[in-house]
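Colleague: I should like a close look at a single part of this model. Please choose one loop, describe it, and then follow the chain from there into the elements that surround it.

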Amino acid sequence: MSGAGHEDGDWEGYEGEGTQGPDNGEGAGGDAGNGPGPERGPAPAAGAGPPRIPMPRSSVEDTGRPLPDTPGAAAVLSAPLAPLAPLVLEHDVLRSLLGAWALAACAPEETLAVEEHLGECGACADEARRLREAVELLQRPDPLDLDPTLRTRVLQGCLDRRPPRIPVPEWAAPYDAETARLDALLQDFGDAEWHAHVRLRWFEGDKQTTRRTTVAGVIAHLLSVDGLVAVALGLDDPLTGEHKAPVAPTPAGRTEAYWRASNFPPTRSVRVPWREQSHGIVRTAAFGGDGSGKLPVPYGEFELPLHEAMLDRAFECWVHAGDIAEAVSYPYTPPAPPHLHGMIDLAARMLPEALAARRRAGLASPSRTARHLVPAGEPGRSLRLEIEGLGGGEWLIPLDSPAALPSAAHEVAHVALDGTEFCQLAAGHVSPEEAAAGQDGDREAIRDVLFAAASLSRM
């Protein structure tokens with residue numbers, strides 16, 4: 001580039017290393033007394049004038065000169081970090097950051113600024129607390145449903161403070177609790193849920209039987225069979241009026257009669273009479289006191305005293321509530337452990353008679369029957385039934401006669417089952433072959449007991 005039109009001050013503003021201006025007479029290499037300097041490229045042509053852009057410098061590593069001292073990596077890592085300086089933000093901006101702060105989504109500087117502001121502004125501190133509590137609810141891993149034992153604990157606390165003038169008998173408490181739980185499940189059902197398909201399952205002989213109905217049909221079934229207890233207590237029979245029809249005195253017969261007499265499939269309207277009947281049963285049992293627990297309740301082919309019939313109805317209410325919950329994809333928990341233990345105990349005590357019924361029907365192991373029969377009141381072969389988990393225990397089951405005495409000295413087999421699994425077996429929901437049972441001893445005796453437990457089920 002030509003130097004024309006530029007003043008001397010243009011060049012004087014640039015002084016490179018080892019450079020003394022254009023008149024030093026030594027060229028681009030610097031003055032003679034300083035020795036050779038770093039390369040700067042070719043000298044400018046004579047008369048071309050000083051360049052406005054400096055020549056590129058070579059790296060100091062190429063000159064052979066020592067490198068400057070630099071701190072090592074350890075020194076860099078160990079050096080203390082400078083503290084974050086809080087941002088200076090307006091109140092409205094800080095308030096708008098509260099939601100992000102509650103979600104831990106702020107930058108570090110913003111978090112520091114917000115937290116310093118919360119120590120000074122009470123209104124923002126209150127809002128931040130509410131937002132943080134809302135975030136905890138949204139991120140809560142546990143279900144939001146109430147603890148299923150909450151009702152029992154609240155009622156027990158109330159009764160401890162003020163005992164009832166007319167208490168509910170202890171043997172009626174499981175039925176009271178299970179009908180209340182089922183009613184709580186039903187209260188938010190819409191028409192779609194009431195008409196959801198439910199498959200009832202039970203065992204007849206050695207084969208599982210199923211029947212398809214709806215949620216409303218299941219409640220109609222419970223209403224019909226609970227009517228056996230209602231009639232025994234002197235209450236109205238639900239199979240009257242428009243539902244009056246030839247009725248077989250069995251749970252299945254009453255249910256079929258109710259379904260046939262209905263002009264249309266049962267709907268949600270069946271909930272009110274079922275709940276009123278369950279309230280009436282508990283209320284009447286309470287007024288009758290413990291003495292009413294011995295009233296006979298006929299089931300057609302057999303008979304139960306009222307205190308066992310109420311436990312049987314509580315068991316069936318829980319089982320069918322589980323069927324309904326499964327149909328609408330809703331979780332349902334087992335009964336309270338004391339109530340579950342009572343249900344298991346009733347089923348275990350019914351096993352000897354169920355074994356005898358299977359022998360009379362030719363379904364038991366015939367080779368063992370005639371060989372081991374013992375007189376009534378005498379000890380005989382026994383099976384130890386161990387139920388694990390909440391509500392469990394141990395029972396000795398006489399194998400050869402309902403009137404025989406169970407005897408640990410004559411124990412020939414041992415079966416261990418989970419409590420819920422045993423109840424599902426007794427309800428006909430699990431087949432004897434599928435029951436996850438720990439077994440030891442006489443295989444034929446174990447098979448007979450497992451099939452006898454399944455035979456306790458009915459529609």
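Modeller: In this predicted model, S329 is located in the loop that joins α13 (306-327) to α14. The backbone at S329 has a positive phi of about 55 degrees, although the residue is not a glycine. With a relative accessible area of 67%, S329 lies above the 50% limit and is therefore exposed. A comparable case occurs in the loop between α4 (98-102) and α5 (108-118), where A104 is found. Phi of A104 is near 60 degrees, again a positive value in a residue other than glycine. The relative accessible area of A104 is 71%, so A104 is exposed.

The loop of S329 leads to α14, a helix that spans residues 337-360. One partner of α14 is helix α16 (residues 419-426); the two pack at an angle of about 50 degrees, and their axes are 11 Å apart. An angle of this kind is neither under 35 degrees nor within 65 to 115 degrees nor over 145, so α14 is classed as oblique to α16. The sense of this crossing is left-handed. On the side of α14, the contact is made by L340, I344 and A347, and α16 contributes G419, F422 and C423. Sorted by class, the contact of α14 with α16 comprises five nonpolar residues and one polar residue, with no charged ones.

The sheet beside α14 should be described next. It is an open sheet of four strands, arranged in the order β6-β5-β7-β8, and its pairing is mixed. β6 and β8 (438-441) stand at the edges with a single partner strand each, so one side of each of these strands has no neighbour in the sheet. From one strand to the next, the twist averages 15 degrees. The pairing of β7 with β8 is antiparallel and extends over four bridges. Within that pair, A413 has G441 of β8 as its bridge partner. α14 packs on this sheet, where it touches β5 (382-388) and β6, and the direction of α14 makes about 15 degrees with that of β6.

Another loop belongs to this region. S401 is placed between β6 (393-398) and β7 (411-418). Its relative accessible area of 15% is under the 20% limit, so S401 counts as buried, whereas S329 is exposed. Apart from neighbours within four places in sequence, S401 is in contact with R359 and V374.

A further region, earlier in the chain, offers a hairpin. Strand β1 (residues 197-204) pairs with strand β2 (residues 207-214) in the antiparallel sense, over eight bridges. R201 has T210 of β2 as its bridge partner. Two residues lie between the strands of this hairpin, and in the turn G205 has a positive phi of about 70 degrees. T213 is part of strand β2. The relative accessibility of T213 is 11%, which means that T213 counts as buried. If residues up to four places away in sequence are not counted, T213 touches A196, H197, V198, L200, V218 and W259.

One of these contacts of T213, V218, leads to helix α10 (residues 215-232), whose axis comes within 13 Å of the axis of helix α8 (residues 173-186). The two axes cross at roughly 155 degrees. This value is over 145 degrees, and α8 and α10 are therefore roughly antiparallel to each other. α8 passes α10 in a left-handed crossing. The residues in contact are Y175, L182 and L186 of α8, together with V215, I219, L222 and D226 of α10. By class, the contact of α8 with α10 has six nonpolar residues and one charged residue, with no polar ones.

These parts may finally be set against the whole. The protein has 17 helices and eight strands. Of its 459 residues, 37% count as buried; S401 and T213 are buried residues described above. Among the contacts in the protein with a separation of 6 or more, 68% are accounted for by residues 24 or more positions apart.

Conventions. Residues numbered from 1 in each chain as written. Predicted model: local features only at pLDDT ≥ 70, side-chain atom pairs only at ≥ 80, totals over all residues. Heavy atoms only, no water. Axes fitted to C-alpha atoms, helices over the stretch in contact; angles between N-to-C directions. Left-handed = near helix turned anticlockwise from the far one by under 90°. Contact = heavy atoms within 4.5 Å. Nonpolar A, V, L, I, M, F, W, Y, C, P; charged D, E, K, R; others polar. Pairing = 2+ DSSP bridges. Buried < 20%, exposed > 50% of the residue type's maximum accessible area, 1.4 Å probe, protein only.
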